[in-house]
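Me: I have a structure open on my screen and would like to understand the words people use for its parts. Could you take me through them?

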Amino acid sequence: MKKLLKKLYIFLILLFLYAPIIVLIVYSFNASKSRAVWQGFSLTWYQQLFTDSKILSALETTFLIALIASVVATVLGTFAAMGMMKMKKKTFETVRTITYIPVLNPDIVTGVSLMMLFAFIGIELGFVSMLLAHITFCTPYVIISVLPKLYQLDMSVYEAAQDLGAKPFYALRKTIIPQLMPGIVTGFLLSFTLSVDDFVISYFTTGGHVENLSMIVFSMARKGVNPKINAVSALLFVTVMILLLIVNKRELSSKKHAAKNKDTLLNREKQIIKYRRNEGK
Amino acid sequence: MGKKIIELKNIYKRFGDFTAIDGINLYINEGEFLTLLGPSGCGKTTTLRIIGGFEQPDEGDVLFEGVRINDVPAHKRPLNTVFQKYALFPHLTVGENVAFGPTIRKISPDIIQKDVKKYLEIVNLEGYEDRDVSTLSGGQQQRVAIARALINKPRVLLLDEPLGALDLKLRKDMQDELKTMHKDVGITFVYVTHDQEEALTLSDTVVVMNNGRILQIGTPVDIYNEPNNAFVAYFIGESNIIHNSIMVKDKLVNIDGVDFNCVDTGFGQNTPVDVVVRPEDVVLVPADKADLKGIVTLVTFKGVHYEIWVEGPTFEWKVHSTLPQTVGDELGITVDPYNIHVMKHEPLEIPSEETAVEV
Amino acid sequence: MSKRRFAFPYLIWMTIFIVVPLFLIFFYAFTDNASGKTLFTLEHVKAIFQPLYLKVIGRSFYMSLIATLVCFVMGYPAAMILASKDFSQKNTMLILIVLPMWMNFLLRTYSWLSLLENEGLINRFLVSIGLGQVQLMYNNFAVILGMVYNFLPFMILPIYSVLVKIDKSVVEAAKDLGANGARVFLRIIFPLSMPGVVSGITMTFMPALSTFVISRLLSGGKITLIGNIIEQQFTITGDWGLGSALSLLLMVLIFISMIFINKYGDESVGAGGLL
């Protein structure tokens, strides 16, 4: 009885979390434009989606920005983390604290402050400013992902490699980078996801000249329900699901500790929350 | 020793496919110090948890002074437990931890305060009331756990490997203290451990368990001197266990190919038996003074004695002797009849390597 | 190996894109350029205390607090159930609870539109059973619902992760010492879960307080929160001074909650715990 109640409670929570998403997806297949009326199955909205040049260009912007931003952030952040390890404690603490600012600040504050910066130094709002903004909020996540790996780093192999005649850069590439790889990959994936997902910062740093998917959704949703958004949502939801499955599978097969495997997805999510949402030391 | 305070009747407990307790019958006398001893996974902790009310037996009865208490929840049993890893409440101070039980029972604060002081004194932690438990050492935490249990004046104190997490020196000290406490407080202690030395040192009664069954119940002296099967002999102290022995007839047993006089009777004639001989009971003599001869293969100095390995015809003997020997020498092996322990032959279930070395 | 220079590009980046913007917020919050000259002023900060904005700030707090409270009341039992050992498939359930967070935040908010609209599913249902149409959108209810929906997992997870870490034997010890179920909860489990609760509350409250999307979409712009005012200053009105002053207010609140969480929160849930 008690068990049944527990199950029921969790079921209700899940219903609350999923009902809107499911309704959203179901209505993306609705033939009727008039929202809640079901007029039969159709792929009209998906067809319209792929002929809508605005949506297509937003799609391109979203992924192009995400790709460039996460690559740049990964390189910038990885080297930054390595350099930070060599700093004096005080400098390190200062740099780390500043690095946390974009992570902890509400997105709207980050967004408007960058907007003011671009106005201040005379960069016109658009693709470039958006890209710069994305690199700025992605890099800290890379640093935060890589730093713990650096703490655990076994430096002796680097020294051993040099002892055996490897040039410093070769030794770095062959010994340090592989050890940091898990952190770097996490940082990259995190950056990519956050960039694709971002609305608020993009909203303030593009000045309406360029739009990513989130912004399209926002401008369409402001006018009420639009089945095309449902179609975009359904596609994004499925994409994210598949991506998550791949990421999880990759970790499942790569992780040696079988016991930890069960909730890699969960751990990843926890990490993201850790990174994503406020607090920190 | 007084009357039976706790009785377990025909207890079975399964976890899925795993049978943790496989039919246990046991009684515990009021005031005694009883130890459940066995390798990990033998069912000793489960037995304790059944007594404490944290597990329900699948079959069988738990009696407290003759009354069935199977359905009495843990918080209503007149027993208290000292947990393996102390299980102190991390958000409370030492004093608040100790006062937890009395506070629940709505005893007046003045009395609680006095009691807390008194029991902290008993465990040698006077003045620690306001300390944060996380600032205490392992040994101190264990004392708090004991005080927290004792303050409730339980009829029985259950201790689940309470010294397991302490280092050797501290463990020895705590053993002495526990023994003193048992004497001073005068309540029944049920103690769980996998450390045979600890069991022998502390207990009035030792219960040796393996695979969910009780193998032997007895005083430490009985268990050590008269193990009633090879496992008990193996687990308690060091032993030579010779499996391929044959009981020729009453009072004559063939060990390692040679007939020995012994004191055991009733095994019949020419019956395969297990023979246990403690290493300190093996006497080495010049080769021509004994029928059983062997070659010394290894001599190790162990402090009080030398450990000497002697290769007999079919068995390698472990010998403790205060005299050294030379590797390669041939020696005679003799054992006094009363030092030969003959027991029914059965396959020996040696605990796996990791459980044996686990401390 | 002198790798310190590896950090130089980032240091430059950090200075331009993190430090300078931060400085700009202070700069615009405390200066005025109306007379052609840049002068120090407290006008923008004072402006926050105009009744108009105070009301908005009050409303933001009020609605975020209610949303946080609802999340807590809904989330704590859920976290407890998930953390209880006899609950089967808890990993699957946990992943299911976490999964919506991966969906775009805008889409999640938008998804309520088709349910809440006057022509939406819920109203159709109400009409069909003869209860008539109810105004579900464009009011406080819709905005709070949107906040609860978006941030509920952020309440459940930190509490869950603290609850599963509570040593089972501590609970047993409390029972052993005579505490019944309710007492075990009040005296042991709840106090021990406080770090998770503090983290959960912050993780729910702060984003709720600074949102402008949820209020914009679900109230159709009828309900204005701090976030909406800031947005308006930068996209429509152009009053950067006021926008910066309000942003500063949010930053101060974040700072305070950081101090709070460092003191009472679960460090391992915080990003700091990772380093």
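Me: How do you know how far apart the two domains of chain B lie?

Reply: This is a predicted model, and in it the C-alpha centres of domain 1 and domain 2 of chain B are 40 Å apart. The bounds are taken from a domain assignment, which gives residues 4-225 to domain 1 and residues 240-347 to domain 2.

Me: What makes up the rest of the picture for chain B, in helices and strands?

Reply: Chain B has 9 helices and 20 strands. Its C-alpha atoms fill a box of roughly 80 × 45 × 35 Å along the principal axes. Of its 359 residues, 52% count as buried. Among the contacts in chain B with a separation of 6 or more, 66% join residues 24 or more positions apart.

Me: And what are the matching values for chain C?

Reply: Chain C comes to 13 helices and 2 strands. Buried residues make up 58% of its 275 residues. The box for its C-alpha atoms is roughly 75 × 75 × 35 Å. Here 68% of the contacts with a separation of 6 or more are between residues at least 24 positions apart.

Me: Why is C:T38 called partly exposed?

Reply: Its relative accessibility is 45%. Buried means under 20% and exposed means over 50%, so at 45% C:T38 falls in between and counts as partly exposed.

Me: Where does C:T38 sit, and which residues does it touch?

Reply: You will find C:T38 in the loop between β1 (31-32) and β2 (39-40) of chain C. Setting aside neighbours within four places in sequence, C:T38 is in contact with C:F27, C:T31, C:D32 and C:N33. Take C:F27 from that list: it is 11 residues from C:T38 along the chain, and their C-alpha atoms are separated by 9.8 Å. Contact is judged on heavy atoms within 4.5 Å, so the C-alpha separation of 9.8 Å does not rule out the contact between C:T38 and C:F27.

Me: How do you know whether chain A and chain B touch or stay apart?

Reply: The nearest C-alpha atoms of chain A and chain B are 17 Å apart, and the two chains do not touch. There are 2 pairs of chains in contact, and chains A and C share the most contacts.

Me: What makes up the contact between chain C and chain B?

Reply: Chain C gives 16 residues and chain B gives 21 residues. The area buried between them is about 1700 Å², with 63% of that from carbon and sulfur atoms. On the chain C side, C:E172, C:D176 and C:L177 supply 38% of the area that chain C buries against chain B, more than any other three residues.

Me: What lies in and around the largest pocket?

Reply: The largest pocket holds about 1400 Å³ of space. It is lined by 36 residues, and the closest to its centre are C:S84, C:K85, C:D86, C:V171 and C:K175. At least two lining residues each come from α1 (2-27) of chain A and from α3 (51-83), α9 (168-176) and α10 (181-210) of chain C. The largest share, 5 residues, comes from α1(A).

Me: How many residues of each class are in that lining?

Reply: The lining of the largest pocket has 17 nonpolar, 7 polar and 12 charged residues. Asp and Lys count as charged, so C:K85, C:D86 and C:K175 by the pocket centre belong to the charged class. Val counts as nonpolar, which puts C:V171 in the nonpolar class.

Technical notes
Residues are numbered from 1 along each chain as its sequence is written. Chains are lettered from A and ligands numbered from 1 in the order in which they are written. This is a predicted model: local features need pLDDT of at least 70, side-chain atom pairs count only at pLDDT 80 or more; totals for chains, interfaces and linings use all residues. Side-chain values use heavy atoms; hydrogens and water are left out. On a 1 Å grid over the protein atoms alone, a cavity is a set of points where a 1.4 Å probe fits but cannot get out, and a pocket is an open set with protein on both sides within 12 Å along at least five of seven lines; lining residues have an atom within 4 Å of a point. Grid points are joined across faces, edges and corners, and a volume is the space filled by probe spheres set on the points. Helices (H or I, at least four residues) and strands (E, at least two) are DSSP runs, numbered from the N terminus. Buried means under 20% relative accessible area, exposed over 50%, partly exposed in between (1.4 Å probe, protein chains only). Domain bounds come from an automatic or database domain assignment. Buried area is the accessible area (1.4 Å probe) that two parts lose on being put together, summed over both.
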